[in-house]
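Work through the exercises below with the model open. Try each task before reading its solution.

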Amino acid sequence: MDDHQRSGCPINLTLEVVGDKWSLLVIRDMMFGNRRHFRELLAKSEEGIASNILADRLKRLTESGLVTRAADPTHKQKAIYSLTERAIQLVPLLAHIGAWGRQHLPVAEDLAIRAQLLEEGGLELWNDFMDELRETHLGIKRKKVGPTVGERLQAACEATRRRVRRK
C-alpha cells in the first residue's frame, strides 16, 4: 500500500482512482460518445466541464493507466485519447451506476436510454460493447459483424431525444 492511499480496500482504491466528480464522466464520454479529442470532450460535455478540470482529469486518468494519449496522425497539433483495457473493464460498473440512477433518481429520459438498454442487455451486451471498445481504442478486431452496440445505443439516444422534443 502506498503512503497516499487511505487503505488497501478495493472499493477505496477504486474510488481513489475514479471517485472524484469528473473522472467517470470523462470515461463515460469516451466510451459512449466516442469523444477522443480534448475539444470534443470539452464542447460536448453534458455537465459543462471546465477546460482546466478536463485537462487535470485527463492527466490523472493517463497517470492511473486508464487512458493513453498519443499524437493524432490526422492533425499535428492534436492528441487523441484512448481507453486502456483497465478503463474498458469499467463498462459493467457504469452499467450498474446507470441502472441505480434510473431506479432511484429523477433522470432525463433522453439521457437514461443508454443506461436502460445496458441494464436490459446485461452481461452479453456489456461484453459485446467492451469488444467494440477494444477495437476502437486498442486496435483489437472484434469477431461480430453488423450494427455495433455503440451504434444501437446512439440510435436509441437520438430517437428518444427526437421523441422528447416533440412532446
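Three exercises follow, on the core and two pockets of this predicted model.

**Exercise 1. Find which residues of the largest nonpolar core touch the most other members.**

Solution.
- Step 1. Take the core as a set; it holds 33 residues.
- Step 2. Pick out the members with the most partners: Ile 27, Met 31, Leu 66 and Leu 83.
- Step 3. Map the core onto the fold. At least two residues come from each of α2 (23-32), α3 (38-43), α4 (51-63), β2 (79-83), α5 (85-88), α6 (91-104), α7 (109-138) and α8 (149-166).
- Step 4. Check Leu 83. Leaving out residues up to four places away in sequence, Leu 83 touches Ile 27, Met 30, Met 31, Leu 66, Val 67, Ile 88, Leu 133, His 137 and Leu 138.

**Exercise 2. Describe the largest pocket and its lining.**

Solution.
- Step 1. Give the volume: about 860 Å³.
- Step 2. List the lining. It has 30 residues, with Leu 25, Arg 28, Glu 47, Gly 98 and Leu 111 nearest the pocket centre.
- Step 3. Assign elements. α2, α6, α7 and α8 each give at least two lining residues.
- Step 4. Sort by type: 14 nonpolar, four polar and 12 charged.

**Exercise 3. Which helix gives the most to the lining of the second largest pocket?**

Solution.
- Step 1. Locate the pocket, with a volume of about 250 Å³. Its lining has 16 residues; Asn 34, Glu 132, Thr 136, Thr 148 and Gly 150 are closest to the centre.
- Step 2. Name the candidates. α2, α7 and α8 each supply at least two lining residues.
- Step 3. Choose α7, which gives the most, with six residues.
- Step 4. Sort this lining: five nonpolar, seven polar and four charged.

How values were computed
Residues numbered from 1 in each chain as written. Predicted model: local features only at pLDDT ≥ 70, side-chain atom pairs only at ≥ 80, totals over all residues. Heavy atoms only, no water. Core = buried A, V, L, I, M, F, W, Y, C linked by side-chain atoms within 4.5 Å. Buried < 20%, exposed > 50% of the residue type's maximum accessible area, 1.4 Å probe, protein only. Helix = DSSP H or I, 4+ residues; strand = E, 2+ residues; numbered from the N terminus. Contact = heavy atoms within 4.5 Å. 1 Å grid on protein atoms, 1.4 Å probe; cavity = no way out; pocket = protein on both sides within 12 Å on 5 of 7 lines; lining within 4 Å. Points joined across faces, edges and corners; volume = space filled by probe spheres on them. Nonpolar A, V, L, I, M, F, W, Y, C, P; charged D, E, K, R; others polar.
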